[in-house]
Amino acid sequence: MKQIIPYLILLVSYASFGQLSPTVTKYDLSKKRLLIQACSMYLFNANQGAIDVDSSVVVACKAYKLPVALAYDESFNDGSYLVGKELIDKGNVNSAKKLLIKTKGEEKIKLLLQLGNFYLFKPGTKPEDLQNAKTNIDDVVHTSHQLKNKKWQQQGLLLLGKYYFQANNQSEGKKIFLKVIAECRKQNNKKALAEALDAYGTLLFNLDPEKEKILQEAVSLYASLGMEEKRIENYMKITTIYFWGGKINEAKKRLYQNLIDLRKINFKHQQFAETTITFIELAQHNLETALYYALKSVKRMEAEKDFTFGDIFYMRLGDVYNNVGHHQEALEMYQKSIEIGRTTIDSGTWYKSFFSAVAALSLKGKNQEAVDYINSVTTKYPPKSNFDKMSVAYIRANCYEALKNYTLAEKYFKEMDFYAQKIISPETFREIVHEYTLMALFYANRKQPEKAKFYADKVTALCDMYGKKYNSEALQILLFRMDSIKGNYKGALRHFQNYKIISDSTIRNTKRKEIEELKIDYETKNKEQKIKLLNQESNLKEVALKKSKMLNSVSIWSLVLLSITIGLLYNRYRLKQRNHAKLEIKEKEINQKNINLKHLLDEKEWLLKEIHHRVKNNLQTVISLLNSQSAYLDNDMALSAIKNSQHRIHSMSLIHQKLYNSENISTINMPNYIRELVEYLRESFSLGQRIRFEIKVDPIELDVAHAVPLGLILNEAITNSIKYAFPENQIGMIFITLETKTEHQYILTIADNGIGFDATINDKKGNSFGMMLIKGLSDDLDAKLTIENNNGTILKIEFSQEFPLIQKRELI
């Protein structure tokens, strides 16, 4: 039975934590479910058994303000309306139950499934909750059999299988899952089979050999169905198996692949994979890679101002800083982690950050300050779990040992042992064996080999219990100390060499002396045995002389090799410096060329704008000349011709004005252009409210070669409608649309609800200058022109932008 854990308590907001991340709001349903699973999997693994699976799901959903039901309702919730969903999401289950009376068929099954999931996966489930879940699940099975619906029968059985696992009756649950899986195979229903394998495999223990095989089949099925989010989710579950199964390198390889997969589907929350990579790379002493991914997750979090679970990522960066010797920076990261963890949602991380902050103070030599810090924090926030109590005792012991207060150090080491014996969890294996190793080393350093061996044997026993291997610098130093005390110099030498391989650092002078002493002691004992066998004093002196010469030779050659290595490194450094200087010169040249090119580009754009400005001014001058000329004419036809010419010139002038004023000097924004042209014609003809315009233009950008003909066509068509469509000052409408048909294909429509055109005089009208101009411009655009008489006149022009007008004319 699950226990209620303290990680579900939301406290006051931190920074922007109170607002839902904009990234999450843009996710579709499948990505939101993937986010819940990725986050909850990380929380469950990171807390090492201190938080159960369902509670980790609740924490993830509360953190990202998503309904808990999303983690369990995938089989029947496709985003459409579900009866009772809002009530259940708000926890108003009794009102949702009342709806069962009013629902029938599939709607009733979906409501029962929601209620079953609610009770079954409720954190801190009580016996009555399990009973309520069973009642609703039985109703699902019964109702689906009545409907004779295979899909809902299978869904009911899958939920029943999950119930038996929650009720600790795994054998009965397995029978049900295997029955559904067999039925899906028989029906050749890939999606249902994938869901069944997914549900079954998820519930099996990580160390169950069948789990990886089942989940891998689910991964393959989801891939064939194109359900990428579900494929990635199950891929992550297999990665967890490798992680806890000790296949760390394979788990790391899969985590890197996981990052690639998440980027492909544009899934932004990659930090859970990144922080796990940081943990593994740090454990393997790949500090540069660990630092890269720790900084990456923190920088993304700070850039997006999304501090959800920020305590995790600050803590991990602090761990890296501690390992590279930047203890002050590490302390700052731990303090940020503690602040976020204590003031937002408790993910179980901030107490670990507190332990690490103590370690950072200790590494800086501030052990008394570390002890005071432990006392202040534990007084205000006492440790709650056995794991935290064990860890507090351990860090106290370390600090007192550093302060040489061995009595208190031993007291707290024994307290650590007391709580460690109460923890039986494979997830805490590494921490417990490490702390026992340091405890044994404490006794070894105090020259108490019996106690050291007692706790060293506990390390071996734990490795055997969980079937795992453990190796560390501390363990090798412990074994080195113990062999040295027993006089086993050969074994001590081997363990010290293993320690140096793990630490991968230069042997310090003091350590070099120790290993040389071990070599001398070991070889001396061999010589003494030979002396006893040969019983000759002279042989001992000869061997000692040879040994001395050998050591001198080794020392000389070591110095020679060291000198050569230093020389090569210096040569490499000088070469790198010269290459760097050349690269800087080249970079300056490239930057200067880029500046020159930018200047030329700016000049070109300015000249083009100036050309458009002058063309516009020239056209305005022509309009003014025509206007002056009209003052000396009495002929109405001549005046009309001049007025029409002014309109045509204005339509072209308006385009050049747009290009001059716009940042984009290559294309015209057609919605703005058409509206300004229509407004100009309305004012020119003093229409008032007699003729109104309805304009619908898609956001289209056209080049000058297309915009000028279209502007002239619009001018002619609108002018004709104003003059002829509404005789005797009739009221009417003119409709103008420009819409995208397909990519690079457009339709321009000018229509009115006037009297239409007279078909008997169509030929005569067709030969008018305006109509000839429309046809000619349509031909220039290589467009299809149609004129219809349907409750008014409708003029349509279908044209393409694939072959610009200039290119077409060049081909001619």
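**Reading charges and rings in a predicted model**

Q: Where do K237 and E233 lie, and what separates K237 from E233 along the chain?

A: K237 and E233 both belong to helix α12 (residues 228-244), and because they are four residues apart there, about one helical turn separates them. Please keep in mind throughout that this is a predicted model.

Q: How should I read a pair of charged side chains, and what distance is found between K237 and E233?

A: The general idea is that side chains of opposite charge can pair when their charged atoms come close. In this structure the side chains of K237 and E233 form a salt bridge, at 3.1 Å from N to O. K237 is buried, with a relative accessibility of 9%, and E233 is likewise counted as buried, at 4%.

Q: Which residues join K237 and E233 in a network, and how many salt bridges does the structure hold?

A: Through salt bridges that share partners, D198, K230, E233 and K237 are joined into one network. The structure as a whole holds 21 salt bridges.

Q: Are the partners K741 and E798 buried or exposed, and which parts of the chain does the pair link?

A: K741 meets E798 in a salt bridge whose closest N and O atoms are 3.4 Å apart. The pair links distant parts of the chain, since K741 lies in strand β4 (residues 732-742) and E798 in strand β7 (residues 793-800), 57 residues apart. K741 is exposed, with a relative accessible area of 52%, whereas E798 is partly exposed at 26%. Another case is the salt bridge between K696 and E694, at 3.8 Å from N to O; there K696 is exposed at 54% and E694 is partly exposed at 32%.

Q: What is the nearest side chain of opposite charge to K110, and how far away is it?

A: The cut-off for a salt bridge is 4 Å between a side-chain nitrogen of Lys or Arg and a carboxyl oxygen of Asp or Glu. For K110 the nearest side chain of opposite charge is E107, 4.6 Å away, and K110 is buried yet has no salt bridge. K110 lies in helix α6 (residues 105-120), and, leaving aside residues up to four places away in sequence, K110 touches F76, L82 and W152.

Q: How are aromatic pairs read, and how many are there?

A: One looks at the spacing of the ring centres and at the angle between the ring planes, with planes over 60 degrees apart counting as edge-to-face. The count here comes to 18 aromatic pairs. One of them is Y256 with Y293, an edge-to-face pair at 5.6 Å centre to centre and 65 degrees between the planes. This pair links distant parts of the chain, with Y256 in helix α13 (residues 248-264) and Y293 in helix α15 (residues 287-304), 37 residues apart. Y256 is partly exposed at 24% relative accessibility, while Y293 is buried at 11%.

Q: Which rings are linked into a cluster?

A: Ring pairs link Y406, F413, Y436, F442, Y443, F454 and Y455 into a cluster. Within this cluster, the planes of F454 and Y455 are at 85 degrees and their centres 4.9 Å apart, so the pair is edge-to-face. F454 is partly exposed at 47% relative accessibility, and Y455 is buried at 8%.

Q: Which charged ends sit over the rings of Y406 and Y235?

A: The charged end of R446 sits over the ring of Y406, 4.0 Å from the ring centre, and the charged end of R254 sits over the ring of Y235, at 3.9 Å.

Notes. Residues numbered from 1 in each chain as written. Predicted model: local features only at pLDDT ≥ 70, side-chain atom pairs only at ≥ 80, totals over all residues. Heavy atoms only, no water. Helix = DSSP H or I, 4+ residues; strand = E, 2+ residues; numbered from the N terminus. Buried < 20%, exposed > 50% of the residue type's maximum accessible area, 1.4 Å probe, protein only. Lys, Arg positive; Asp, Glu negative; His and termini not counted. Contact = heavy atoms within 4.5 Å. Phe/Tyr/Trp six-rings, centres within 6.5 Å; stacked < 30°, edge-to-face > 60°. Lys NZ or Arg CZ within 6 Å of the ring centre and 35° of its normal.
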